[in-house]
Amino acid sequence: MSSDAGGYELPLRMLLGFRAVIDEVHADLVQHGHPELRPIHGFLFQAVGRAGGPNGCTAADLGRALGISKQAAGKHIEVLDRLGYVRQGSDPADARRKVYTLTDRALDALTRSARVFDRIHDRWADLLGADRLAAMERDLRTLTPGEVFRLDTPNWFNGQ
């Protein structure tokens, strides 16, 4: 069965679904002490956690992970540092290298976000039925590239 709206509606509906989830997560974060966080910050937290490993992430590491310049990454780090979400340290192998790690404040935001994502998932399962939601998830895995978390997604919107 084909939609009367045309092929453009599917990607827009997927984007609206993403937006609805992210808006709900951020509304919860505001209520729980994180009013300054923006959707880009979730990508930054993931990149800081993944790009540098346990010893931290440099601005260059963050830039590569997000597909942005080292300077742009440095500006994001400055904001997150000022807000208390990352802390600066030095690389144990090279004290001249500035590395950044997530603070307990950032980990709290990530934990709260995960709970809201789970709550939304459960609500969608109630609305659609667990089987239909699971089928939709399987179908989306089939239709989309294998990598579920593209850190450079926000920059993609900018055409870079």
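**Group meeting: a walk around a helical protein**

Let me start with L128, which sits at 33% relative accessibility and so counts as partly exposed. L128 belongs to helix α5. Keep that residue in mind, and keep in mind too that what we're looking at is a predicted model.

Okay, the overall picture. We have seven helices and two strands, and if you read along the sequence the order goes α-α-α-α-β-β-α-α-α. The protein has 160 residues, and 27% of them count as buried. On the outside, the accessible surface comes to about 10700 Å², with 55% of that belonging to carbon and sulfur atoms. As for how the chain meets itself, take the contacts with a separation of 6 or more: 54% of them are between residues 24 or more positions apart.

Back to L128, then. What is L128 part of on the surface? Together with L10, M14, L127, M136, L140 and L143, L128 makes a nonpolar surface patch of about 670 Å². The elements putting two or more residues into that patch are α1, residues 9-31, α5, residues 104-128, and α6, residues 130-143. And which of these gives the most? That's α6, with three residues.

Since α5 has come up, let's stay on that helix for a minute. I did the simple length check on α5. There are 25 residues, and at 1.5 Å a residue they should span 36 Å; the end C-alpha atoms are 36 Å apart, so the two agree. Now turn the helix to look at its buried residues: those are A106, A109, S113, V116, I120 and A125. What do they pack against? The answer is α1, α2, which is residues 39-51, and also β2 and α6. Then, just after α5, there's G129, which takes a positive phi of about 100°.

Now for the charges. Side chains of opposite charge can pair when their charged atoms come close. Searching the whole structure turns up ten salt bridges. I'll show you three of them.

The first on my list is R123 with E24, side chain to side chain, at 2.7 Å from N to O. This pair links distant parts of the chain, with R123 in helix α5 and E24 in helix α1, 99 residues apart. How covered are the two partners? R123 has a relative accessible area of 35%, so it is partly exposed. E24, at 23% relative accessibility, is partly exposed too; the cut-off for buried is under 20%, which means E24 doesn't make it into that class.

Next up is D61, which I like since we can follow it to two partners. One is R64: D61 and R64 form a salt bridge with their closest N and O atoms 2.7 Å apart. Both residues lie in helix α3, residues 59-66, and they are three residues apart, about one turn of the helix. Buried or exposed, for each of them? D61 is buried, with a relative accessible area of 13%, while R64 counts as exposed at 60%.

The other partner is R97. The side chains of D61 and R97 meet in a salt bridge at 3.7 Å, N to O. Here the pair links distant parts of the chain, from D61 in helix α3 to R97 in strand β2, residues 94-102, with their positions 36 residues apart. R97 counts as partly exposed, at 34% relative accessibility.

There's also a network to point out: salt bridges that share partners join E24, D28, R119 and R123. So we're back at that α5 to α1 pair, R123 and E24.

Two quick stops before I sit down. One is H41, in helix α2. At 7% relative accessibility, H41 counts as buried. Which residues does H41 touch, leaving out those up to four places away in sequence? They are E36, V79 and L80.

The other stop is E78, in helix α4, residues 70-82. E78 is exposed, with a relative accessible area of 55%. If you want a distance to go with that, E78 and Q88 are ten residues apart in sequence and 9.8 Å apart in space, C-alpha to C-alpha.

That's my tour. Happy to rotate the model for anyone.

Conventions:
Residues numbered from 1 in each chain as written. Predicted model: local features only at pLDDT ≥ 70, side-chain atom pairs only at ≥ 80, totals over all residues. Heavy atoms only, no water. Helix = DSSP H or I, 4+ residues; strand = E, 2+ residues; numbered from the N terminus. Buried < 20%, exposed > 50% of the residue type's maximum accessible area, 1.4 Å probe, protein only. Patch = residues over 30% accessible without salt bridge, like charges linked within 9 Å, V, L, I, M, F, W, Y side chains within 5 Å. Areas by Shrake-Rupley, 256 points an atom, 1.4 Å probe, with all protein chains shown as cover. Salt bridge = Lys/Arg side-chain N within 4 Å of Asp/Glu carboxyl O. Contact = heavy atoms within 4.5 Å. Expected span 1.5 Å × (residues − 1).
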